Amino acid sequence: MEDELPSRKAEEGGSSKRSQRQQERQGKLPRRHKEVKRSLQRPDCPEHLSGGSVHWLPEQPESEASVSVEDTAEKPVCCRRGHFLHGPYPDTHFGPKACVLPNPTSVMHIQDPASQRLTWSKPPLNVLVIRKIRDETLLEPFKELCRFLVEEKHLMVYVEKKVVDDGSLMTDDSFSAIRNQLCTFREGYDDISDCIDLIICLGGDGTLLYASSLFQGSVPPVMAFHLGSLGFLAPFKFESFKTEVDKVFEGNAAIILRSRLKVKVVKGMFQRNEQLFSTQENGIAPHNHINNEAGKITLQLQVLNEVVVDRGPSSYLSDVDLYLDGRLITSVQGDGVIVSTPTGSTAYAGAAGASMIHPNVPAIMVTPICPHSLSFRPIVVPAGVELMITLSPDARNTAWVSFDGRKRQEIQHGDSIKITTSCFPVPSICCHDLVYDWFDSLAQCLHWNIRKKQTRLTDAMLEVSGNKKFG
């Protein structure tokens with residue numbers, strides 16, 4: 001009995017200590033929580049960087065954390081919170097016991113679009129000027145811009161050879177001195193991807209699409225002046241080009257990262273075997289359906305707007321299969337299908353009935369063209385998936401594919417088109433900011449939500465309507 005007394009006392013002492021600790025937790029944790037909240041509202045936090053809105057990185061689990069709650073309260077880690085579009089970095093802990101499985105190879109980074117600003121590590125020296133050809137109204141703006149860049153800014157200006165060889169420029173003696181200092185290149189022959197610091201486009205949206213096609217890897221910043229027919233992607237006006245160019249050269253200009261699609265056309269990847277096709281179910285394609293050895297990549301492109309698969313000159317409906325990460329999603333029977341970026345959502349996809357998506361939203365859009373089904377609606381999928389389009393086994397005709405309206409080619413049985421988001425976006429410089437520019441383009445170019453306003457009811461009209469109602 002005497003031997004048991006110390007053990008009981010020890011147990012009672014341990015239980016009393018545990019209960020005391022529980023009481024301390026119940027009593028102190030709310031107080032600590034208030035202290036943390038109070039510390040998060042300290043005036044010395046750089047709240048002005050986000051315009052008055054600050055969020056905090058999620059806390060680390062206890063096994064990984066090396067500081068206490070008080071320490072984190074003393075040294076908070078703050079970053080900017082998005083006023084729109086992307087929200088703050090998501091917390092990976094859900095409730096007291098659930099969390100996302102840690103993966104050391106995965107990196108998740110969400111950039112606040114308002115913080116996307118252009119900066120230069122070194123002053124830009126080489127500028128590429130893209131001009132809309134076969135448009136005589138752009139000759140004078142082109143010559144003014146080249147004179148400004150060569151004579152005043154002392155830059156090396158690159159121009160396409162067919163632009164310099166224009167008859168009007170060749171016969172202009174006043175421009176001959178500038179023309180002799182221009183560096184020329186030919187598309188498909190000369191590689192200028194490693195020597196261009198800035199791209200300036202004069203024209204419509206087609207000039208920016210063409211500039212994107214010249215750079216299949218990293219793309220320099222693009223400054224687009226609206227001198228074309230639509231100009232949805234060109235926010236700058238040429239009247240003040242000197243001031244706008246000087247601002248860009250100084251840095252700290254707002255940019256919008258327009259995502260592109262990495263597209264591969266693979267010939268002979270699928271075997272034309274009716275028995276294999278008959279065993280395919282609405283799910284993962286069987287391994288013997290794919291012939292990896294026969295597959296040959298014949299074309300690989302970076303696409304800014306969209307990839308269009310259509311029925312071509314045939315009068316039959318196109319019949320193609322759509323895969324997502326190797327899984328058969330659906331078959332598209334109609335005039336075709338459009339796979340577009342958010343930038344392309346206001347182009348062909350918008351004309352086919354898709355929703356308009358802001359370019360900063362990471363997504364891929366799949367839009368059918370005149371589908372032979374009342375329930376086939378456009379869909380939006382995450383930017384990280386891989387889409388694959390092939391001809392259906394029972395397709396009566398071949399299909400045709402084009403990339404931003406160029407390089408159109410025929411797709412036959414056994415061929416496939418693989419599409420995913422590219423890691424090389426187009427950094428497009430904003431005139432004001434990436435919200436105002438986009439909505440202003442919607443209103444000015446597409447007349448989005450523009451209608452005649454209803455007239456305001458005057459007091460006399462209100463009185464007459466009231467008498468009619470109660471009289």
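Select L128 and I199: L128 in strand 6 has I199 as its bridge partner in strand 9. Strands here are DSSP E runs of at least two residues, helices are H or I runs of at least four, and both are numbered from the N terminus. This is a predicted model, in which local features need pLDDT of at least 70 and side-chain atom pairs count only at pLDDT 80 or more, while totals for chains, interfaces and linings use all residues. Residues are numbered from 1 along each chain as its sequence is written, and side-chain values use heavy atoms, with hydrogens and water left out.

**Strand 6 and its neighbours**

Extend the selection to strand 9, residues 198–203. Strand 6 and strand 9 run parallel and are joined by five bridges. Two strands count as paired if DSSP finds at least two bridges between them.

Now select strand 7, residues 156–160. Strand 6 pairs with strand 7 in the parallel sense, over four bridges. V127 has V157 of strand 7 as its bridge partner. Follow the chain from strand 6 through helix 3 (residues 139–152) to strand 7: this β-α-β crossover is right-handed. That is, with the strands pointing away from the viewer, the path from the first strand over the helix to the second runs clockwise.

Colour strand 6 (residues 126–131) by accessibility. Six of its six residues are buried, so the strand is largely enclosed by the rest of the structure. Buried means under 20% relative accessible area, exposed over 50%, and partly exposed in between, with a 1.4 Å probe and protein chains only. In a regular strand, side chains alternate between the two faces of the sheet. In strand 6, N126, L128 and I130 are buried on one side, and V127, V129 and R131 on the other.

**Helix 3**

Select residues 139–152. Helix 3 has 14 residues, which should span 20 Å at 1.5 Å a residue; the end C-alpha atoms lie 19 Å apart, which agrees. The expected span is 1.5 Å times one less than the number of residues. Buried residues of helix 3 include L139, F142, L145, F148 and V150. Step past the helix to H154, where phi is positive, near 55 degrees.

**The six-stranded sheet**

Show strands 13, 12, 23, 20, 15 and 16. In the order 13-12-23-20-15-16, these six strands form an open sheet with antiparallel pairing. Strand 13 (296–303) and strand 16 (327–334) are the edge strands, each pairing on one side only. From one strand to the next, the twist averages 20 degrees. Zoom in on strand 15 (residues 318–324), which pairs with strand 20 in the antiparallel sense over five bridges. There, V320 has L391 of strand 20 as its bridge partner.

**T398**

Go to the loop between strand 20 (387–391) and strand 21 (399–403), where T398 sits. T398 is partly exposed, at 22% relative accessible area. Leaving aside residues up to four places away in sequence, T398 touches R311, L391, E410, I411 and Q412; contact means heavy atoms within 4.5 Å. Draw the distance to E410: the two side chains share a polar contact of 2.6 Å. A polar contact is a pair of N or O atoms within 3.5 Å; within protein, one must be able to donate a hydrogen and the other to accept it, and residues adjacent in sequence count only if both atoms are side-chain atoms. Then add G312, 86 residues from T398 in sequence but 8.1 Å away, C-alpha to C-alpha.

**Last stop: H447 and N449**

Which loop holds H447? H447 lies between helix 11 (436–445) and helix 12 (459–470). Its phi is positive, near 55 degrees, and H447 counts as exposed at 53% relative accessibility. Select N449, found in the loop between helix 11 and helix 12. Phi of N449 is positive, near 55 degrees, and N449 is exposed at 68%.

Technical notes
Axes are lines fitted to C-alpha atoms, for helices over the stretch in contact, and angles run from 0 to 180 degrees between N-to-C directions.
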